[in-house]
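Biologist: Please take a close look at the charged side chains of this model and at the part of the chain around them. I should be grateful for one connected account, with each term explained for a first-year student.

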Amino acid sequence: MTQAAEDAVLRPHETGAWPHPLRAALAARIAALNDEHELSRHYAADAAEFAAHADPSTDGGDLKEVVAFMEKVAAQTRSVDAEDISALKATGIDDADIVRLAELNAFLSYQIRLIAGLRLMKGASA
C-alpha cells in the first residue's frame, strides 16, 4: 500500500502543474532536509531537468515560492498558515495544484517516519 501511495503522489494520472521529474526533485529535497540521504538519492535519480531543485542549498530558482512552501510544510508544519497558501495563489498556482503539493509532502512525511521506525526496529533486534 505504501508503494501505491508513492505512485499516486509521484506518478499520478493527473499531474497538474507538477510533472513527475519535478515531484521527484521536491521529494529528494525533502528527504535531504530530513537527513534521509539514501532516499534523497533514490528520488533525485528521477529528477531529470529539475535536478537542481533537489539540492536544499539552492533557493529553488524559478520555483522559489514552491520550494519555500514545500520546505516550510516539511520542516515547520505548525507555522503554515493561510498566508502561505495565498502567496502560492498569487504566483498563479491553482487550488488543485496546491493540494497536490500538500499530498506529496504528506506522503514524504509518512515515508520518512516509516523508514526511521524500521531503522529503530532493526537496531532493537540486533
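Modeller: Lys72 and Asp84 are joined through their side chains in a salt bridge, at 3.0 Å from N to O. A salt bridge here is a side-chain nitrogen of Lys or Arg within 4 Å of a carboxyl oxygen of Asp or Glu. The pair connects distant parts of the chain, with Lys72 in helix α4 (residues 64-75) and Asp84 in helix α5 (residues 82-90), twelve residues apart. Helices (H or I, at least four residues) and strands (E, at least two) are DSSP runs, numbered from the N terminus.

The model is predicted: local features need pLDDT of at least 70, side-chain atom pairs count only at pLDDT 80 or more, and totals for chains, interfaces and linings use all residues. Residues are numbered from 1 along each chain as its sequence is written, and side-chain values use heavy atoms, leaving out hydrogens and water.

The two partners differ in their cover. Lys72 has a relative accessible area of 22% and is therefore partly exposed, whereas Asp84, at 17%, counts as buried. Buried means under 20% relative accessible area, exposed over 50%, and partly exposed in between, with a 1.4 Å probe and protein chains only.

The structure holds seven salt bridges. Another of them joins Glu36 and Arg119, whose closest N and O atoms are 2.8 Å apart. Glu36 lies in the loop between α2 and α3 and Arg119 in helix α6, so that this pair links distant parts of the chain, 83 residues apart. Glu36 is buried because its relative accessibility is 8%, while Arg119, at 46%, is partly exposed. A further salt bridge, between Asp97 and Arg100, has its closest N and O atoms 2.7 Å apart. These residues are three places apart in helix α6, so about one helical turn separates them. Both Asp97 and Arg100 are buried. In general, side chains of opposite charge can pair when their charged atoms come close.

The loop that holds Glu36 lies between α2 and α3, and these two helices also pack together. Two packed helices are described by the angle between their axes and the distance between the axes. For helix α2 (residues 20-33) and helix α3 (residues 37-44), the angle is about 170° and the axes are 8 Å apart. The axes are lines fitted to C-alpha atoms, for helices over the stretch in contact, and angles run from 0 to 180 degrees between N-to-C directions. The helices α2 and α3 are therefore roughly antiparallel; angles over 145 degrees count as such, those under 35 as roughly parallel, 65 to 115 as roughly perpendicular, and the rest as oblique.

Helix α6, which holds Arg119, also contains Ile112. Ile112 counts as buried because its relative accessibility is 7%. Leaving aside neighbours within four places in sequence, Ile112 is in contact (heavy atoms within 4.5 Å) with Ile30, Ala31, Asn34, Glu36 and Leu39. Glu36 is thus a contact of Ile112 as well as the salt-bridge partner of Arg119. Asn105 is likewise placed in helix α6 and is buried, at 3% relative accessibility. Not counting residues up to four places away in sequence, Asn105 touches Ile30, Met70, Val73 and Ala74. Ile30 is therefore touched by Asn105 and by Ile112.
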